[in-house]
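Trainee: I have a structure to go through. Can we take it feature by feature?

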Amino acid sequence: MTNIDMPKRILIKEYRAKDKDRVVDCIKALQNHERVLEKDRVRGEVIAKKYLGQLLTKCRKNHGKIYVAVLKNKIIGMASVWIEKETHDITSDIKRYAYFSDLFVSSDYRRRGIGKNFFRKIQQYAKANKARFIKCEALSKNKPMRHLMEQDGFREYEIGYLKKL
């Protein structure tokens with residue numbers, strides 16, 4: 001199914017407090033998916049509620065949003081975005097940008113264009129907030145996410161490394 005074929009009944013809308021329990025479920029699932037890729041990730045059940053609290057604080061402090069994908073009153077995905085300012089970094093001209101995080105779509109609904117629609121919503125947010133760039137991070141082993149981002153015009157920017165001692 002292509003992005004154009006995404007059922008019109010799937011809506012991308014702003015998070016509301018009544019969405020909390022289902023968004024916590026999305027965070028659990030995302031964290032547990034990442035845990036399959038990287039064993040150092042903490043189980044989603046342990047951190048999901050606290051992480052949502054951190055996301056809400058980050059969004060409140062940085063003019064951000066959490067978006068949810070809804071199908072028949074059921075939340076099937078989420079993504080978050082906020083404005084970052086890097087006034088201390090003198091090595092780059094990119095001082096202000098939209099940062100997006102935590103893109104998740106329930107496994108039963110993947111490959112239907114929902115991720116691309118989250119990207120569209122994030123780009124609308126970035127433009128409305130006068131950001132000229134969007135940054136994000138993905139686990140290097142999360143090839144489907146990296147592929148989706150590259151299809152949408154993102155490029156690798158900085159690559160981090162980790163060594164266990």
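Mentor: Questions and answers on this predicted model follow.

Trainee: What average pLDDT does the protein chain have, and which residues fall below 50?
Mentor: The chain average is 89. Of the residues, 95% score at least 70. One stretch has pLDDT below 50, with 9 contacts beyond near neighbours in sequence. That stretch is residues 1–5.

Trainee: In what order do the strands of the open sheet lie?
Mentor: The sheet is open and has 5 strands. Its pairing is mixed. The order is β1-β2-β3-β4-β5.

Trainee: Which strands stand at the edges, and why is one side of each left without a neighbour?
Mentor: Look at the ends of the order. β1 (10–14) and β5 (134–135) are the edge strands. One side of each has no neighbour in the sheet, because each has a single partner strand.

Trainee: How many bridges join β3 to β4?
Mentor: Strand β3 covers residues 74–85 and strand β4 covers residues 96–105. They run antiparallel. In one of the pairings, Lys-85 has Arg-96 in β4 as its bridge partner. The number of bridges joining the two strands is 8.

Trainee: At about what angle does helix α1 run to β3?
Mentor: Helix α1 spans residues 20–37. It lies across β2 (65–71), β3 and β4. Its angle to β3 is about 80°.

Trainee: Which element gives the most to the largest nonpolar core?
Mentor: This core has 26 residues, and Phe-100, Leu-103, Ile-114, Phe-118 and Phe-119 touch the most other members. At least two residues each come from β1, β2, β3, β4, α3 (114–128) and α4 (143–151). With 6 residues, the top contributor is α3.

Trainee: Which residues is Phe-118 in contact with, leaving aside neighbours within four places in sequence?
Mentor: Start with Ile-12, which is one of its contacts. Tyr-67, Val-68 and Ala-69 are also among them. The rest of the list is Gly-77, Met-78, Ala-79, Leu-103, Phe-104 and Val-105.

Trainee: How many residues does the other core have?
Mentor: It lies apart from the largest nonpolar core. Its members include Ile-27, Ile-75, Met-78 and Trp-82. The count is 20 residues.

Trainee: How far apart in sequence are Lys-65 and Glu-14?
Mentor: The model has 8 salt bridges. In one of them the side chains of Lys-65 and Glu-14 meet, at 3.3 Å from N to O. Lys-65 is in strand β2 and Glu-14 in strand β1, and the two are 51 residues apart.

Trainee: Is Lys-65 buried or exposed, or in between?
Mentor: Buried needs under 20% relative accessible area, and exposed needs over 50%. Lys-65 has 28%, so it counts as partly exposed.

Trainee: Why are Asp-25 and Arg-22 separated by about one helical turn?
Mentor: Asp-25 and Arg-22 form a salt bridge, with the closest N and O atoms 3.9 Å apart. Arg-22, Asp-25 and Lys-28 are linked in a network of salt bridges. The separation is about one turn because Asp-25 and Arg-22 sit in helix α1 at a spacing of 3 residues.

Trainee: How far apart are the closest N and O atoms of Glu-156 and Arg-146?
Mentor: Glu-156 is partly exposed at 45% relative accessible area. Arg-146 is also partly exposed, at 24%. Their salt bridge has its closest N and O atoms at 2.7 Å.

Terms used. Residues numbered from 1 in each chain as written. Heavy atoms only, no water. Pairing = 2+ DSSP bridges. Helix = DSSP H or I, 4+ residues; strand = E, 2+ residues; numbered from the N terminus. Contact = heavy atoms within 4.5 Å. Axes fitted to C-alpha atoms, helices over the stretch in contact; angles between N-to-C directions. pLDDT = per-residue confidence, 0-100. Core = buried A, V, L, I, M, F, W, Y, C linked by side-chain atoms within 4.5 Å. Buried < 20%, exposed > 50% of the residue type's maximum accessible area, 1.4 Å probe, protein only. Salt bridge = Lys/Arg side-chain N within 4 Å of Asp/Glu carboxyl O.
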